[in-house]
Structures are given as structure tokens and as C-alpha cells.
Amino acid sequence: MKDLIEALDKTFDNRMRLGIMSALMVNDTVDFNTLKELLDATDGNLASHLKGLEAATYISVQKSFIGRKPMTRYKATRQGRKAFESHIAALEKLIHFKP
């Protein structure tokens, strides 16, 4: 059982980070406002979790302008995709664990 718990990635302990990565796993990129609406998050809370995922190199940030309006989009990195898939696999093993 201890091995199953240790296989979980602590970066994804928070529901907000799980939500962010889930959205990024099924979409090539997602912009800040879409994530904010999807996860019902405040600007500060979402930004904090995005910075954590970026620091772990699990997501990349793409900044651009549409006209004069800034647009920030996020994308799961190859490393982030692999880590999230491993985390989900570990969760599934934990759910199906029988002592």
C-alpha cells in the first residue's frame, strides 16, 4: 500500500491542478479565461496553481496579443503528460487495491 501512495505525484494533490491538467490533456492549448471559467477559480488561485505546474515543467505558457488584448494560453509539456498519466495510473491502482 505504501508503494501505491508513494507513486502518486504530489504536484497533483490539489483539485485545481487536477482540473488544469485534465483540461490540458484533452486540448492542445487552453487560455487563462477558459480555465478560470471551467474550474470556477479566482484569478489569483488559478495563477498560483498554474505557476506551480509551470515550475514543475508540466505546462508551458504561450503569451500573445489579439489586437491589443493580451492572451495567455497553456499547454501540457511532454513531461507533464507523462507525469499526469503516471499519476492517474497510480490512482487507479490505489482504487482497485485489495489487501
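**Exercise 1. Determine the strand order of the open sheet in this predicted model, and state which strands form its edges.**

Step 1. The open sheet has three strands, and in this predicted model they are arranged in the order E1-E3-E2 with antiparallel pairing.

Step 2. Strand E1, covering 30-31, and strand E2, covering 59-66, are the edge strands, since each of them pairs on one side only.

Step 3. Strands of a sheet pair through backbone hydrogen bonds, in either a parallel or an antiparallel sense.

**Exercise 2. Describe how E1 pairs with strand E3, and find which residue of E3 stands opposite aspartate 31.**

Step 1. E1 and strand E3, which comprises residues 69-76, are paired in the antiparallel sense over two bridges.

Step 2. Opposite aspartate 31 stands arginine 73, a residue in E3.

**Exercise 3. Place the strands in the order of elements along the protein chain.**

Step 1. The protein chain contains five helices and three strands.

Step 2. Read along the sequence, these elements follow the pattern α-α-β-α-α-β-β-α.

**Exercise 4. Characterise the protein chain as a whole through its extent, burial, contacts, surface and charge.**

Step 1. The C-alpha trace spans about 60 × 25 × 20 Å along its principal axes, and buried residues make up 35% of the 99 residues.

Step 2. Of the contacts with a separation of 6 or more, 58% are accounted for by residues 24 or more positions apart.

Step 3. The protein chain exposes about 6,700 Å², of which carbon and sulfur atoms supply 53%.

Step 4. There are 16 positive and 12 negative side chains, and the centres of these two sets lie 4 Å apart.

Conventions:
Residues are numbered from 1 along each chain as its sequence is written. This is a predicted model: local features need pLDDT of at least 70, side-chain atom pairs count only at pLDDT 80 or more; totals for chains, interfaces and linings use all residues. Side-chain values use heavy atoms; hydrogens and water are left out. Two strands pair if DSSP finds at least two bridges between them. Helices (H or I, at least four residues) and strands (E, at least two) are DSSP runs, numbered from the N terminus. Buried means under 20% relative accessible area, exposed over 50%, partly exposed in between (1.4 Å probe, protein chains only). Contact means heavy atoms within 4.5 Å. Accessible areas come from the Shrake-Rupley method with a 1.4 Å probe; for residues, only the protein chains shown count as cover. Lys and Arg count as positive and Asp and Glu as negative; His and the chain ends are not counted. The place of a charge is taken as NZ of Lys, CZ of Arg, CG of Asp or CD of Glu.
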